[in-house]
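Here are some exercises to work through with the model open beside you. Try each task before you read its solution.

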Amino acid sequence: KATLGVMGGGQLGRMFVHAAQRLGYFTAVLDPDAQSPAGLVSHHHIQTDYNDPAGLAQLADLCQAITTEFENVPAQALQTLAQTRPVAPGAAVVGIAQDRIEEKDHFAACADISGVTCAPYAVIETPAQLQAVLEERADLLPGILKTARMGYDGKGQVRVRTASELAAAWAELGGVACVLEKMLPLTAECSVLVARGWGGQVVSFAPQRNVHVEGILAVTHAYEGNMPLALATSARDAAIAIAQHLGYVGVLCVEFFVVDNGSAHGGLVVNEMAPRPHNSGHYTLDACDASQFDLQVHAMAGLPLPQPRQHSPAIMLNLLGDVWFDASGQQREPDWHSVLSLPGTHLHLYGKLDARVGRKMGHLTITGPDVASVKTVARRVAELLGLPGLDAI
Ligand code: ATP
Ligand code: MG
Ligand code: MG
């Protein structure tokens, strides 16, 4: 009986487990939380710290191959597992994606083949570097100061307009390693999912267009015509080049900004990458003949990687814990009955026991025969549930 392992027990791990189980695999999840969404549905739940040598040994012992669903799993733990089992993605590439400074170095290193660069930035790791940036890099203001490590969903980021705001923000973030990025005039954002196998074969999904509200993904538009074709082609080619250059194995998501650079379609700027399936790819579960999680299973287990095909236009709406509270702050169950009475609504709830504002509790994918009907239903759903980003559907 073959078992696949995953480091991390969040919703991405849960959807990975579902995909693995559908193919007949047993699964093992390592996560310290007894109630983790993936641990709750897995055959084995090793409930321990990511660094615990005994837990890692147990995971390696059980599993044919191991992946990660959580980008802040210590790269060292993946290194340990890789001594005895195939681990995809590997410790080295996860380590790069965990650190914005290394990530940007990688993007710069393959800019010639990817055709994209990142936003102008400066590294601030020491008071001396802060001083130098304050004195010499006025061109980066207004900008966003981002911690180099551990940030997600816009956490660990401060928007700064002036030199004094920058100095205060660096102190507020605790004086840790940061990058200051120039604030760009975004016209849109998109992301691309790439899957690469051990032998170097690569498949990818068409780019999805993403709408963020307060730094958190709110809406994903996944259908032909969601962005100009020239941009979509460049983004897809760039993501593949970035994955190839890393020697990546597994599913990689690359996020891009679209900026107004005066050209007909705007310019593409690479933002960051996630070494795993991604929130913006959840529509693939319901709108494609293979999902991003299916491809992760195939890639790590050494199964073939056929090019996935999208069979329906789709819009994905994220469900944050906010939806579980009414205007007076009283907790309530959202009106699923009304939502599910609409055609083509696919509700995914992650089995998290407590709803909190800003916490990702689930998502909804709306599919339909054409883009216009998908948009109509998505708008109706967003109205019913009071979701952010309604004006962007
Ligand atoms: P994720 O949850 O995607 O990992 P994160 O916390 O790593 O998010 P980023 O992707 O760096 O954060 O930024 C979050 C959002 O903030 C972006 O999707 C974009 O909307 C906005 N943003 C970030 N950097 C810039 C920039 N340089 N110029 C303009 N907007 C930006
Ligand atoms: Mg990020
Ligand atoms: Mg991001």
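**Warm-up: a loop and its backbone**

The place of Met-150 is in the loop between β6 and β7 (157-160); helices (H or I, at least four residues) and strands (E, at least two) are DSSP runs, numbered from the N terminus. This is a predicted model, where local features need pLDDT of at least 70, side-chain atom pairs count only at pLDDT 80 or more, and totals for chains, interfaces and linings use all residues. Residues are numbered from 1 along each chain as its sequence is written, while chains are lettered from A and ligands numbered from 1 in the order in which they are written.

**Exercise 1.** What is the phi of Met-150, and which peptide bond leading to Pro-142 is cis?

Step 1. Met-150 isn't a glycine, yet its phi is positive, at about 70°.

Step 2. Go back to Pro-142, in the loop between α7 (127-136) and β6. The bond from Leu-141 to Pro-142 is cis, with omega near -5°.

Step 3. There's a cis bond from Ala-88 to Pro-89 too, with omega near 0°. Look for Pro-89 in the loop between α3 (75-82) and α4 (91-97).

**Exercise 2.** At what angle do the axes of α1 and α11 cross, and which residues meet there?

Step 1. Two packed helices are described by the angle between their axes and the distance between the axes. Axes here are lines fitted to C-alpha atoms, for helices over the stretch in contact, with angles running from 0 to 180 degrees between N-to-C directions.

Step 2. Helix α1 (residues 11-22) and helix α11 (residues 292-301) have axes that come within 8 Å and cross at roughly 65°. So α1 and α11 are roughly perpendicular (under 35 degrees counts as roughly parallel, over 145 as roughly antiparallel, 65 to 115 as roughly perpendicular and the rest as oblique).

Step 3. On the α1 side you'll find Met-15, Phe-16, Ala-19 and Ala-20, and they meet Phe-293, Asp-294, Gln-296 and Val-297 of α11 (contact means C-beta atoms, placed from the backbone, within 7 Å).

Step 4. Sorted by class, this contact has six nonpolar residues, one polar and one charged (Ala, Val, Leu, Ile, Met, Phe, Trp, Tyr, Cys and Pro count as nonpolar, Asp, Glu, Lys and Arg as charged, and the others, Gly among them, as polar).

**Exercise 3.** How many residues of domain 1 are in contact with domain 3?

Step 1. The domain assignment gives domain 1 (3-87), domain 2 (120-182) and domain 3 (186-392); such bounds come from an automatic or database domain assignment.

Step 2. The C-alpha centres of domain 1 and domain 3 are 24 Å apart. In the contact, 19 residues of domain 1 face 18 residues of domain 3.

Step 3. On the domain 1 side, α1 gives the most, with seven residues. That side holds 11 nonpolar, five polar and three charged residues.

**Exercise 4.** Which residues are closest to ligand 1?

Step 1. Of the 18 residues that surround ligand 1, the closest are Tyr-152, Asp-153, Glu-181, Leu-184 and His-212 (a residue is near a molecule or strand if its C-beta atom, placed from the backbone, lies within 6 Å of it).

Step 2. Three strands, β6 (143-147), β9 (186-196) and β14 (267-274), each supply at least two residues of this shell. Domain 2 and domain 3 each give at least three.

Step 3. The shell divides into six nonpolar, five polar and seven charged residues.

How values were computed: Two residues are in contact if their C-beta atoms, placed from the backbone, lie within 7 Å.
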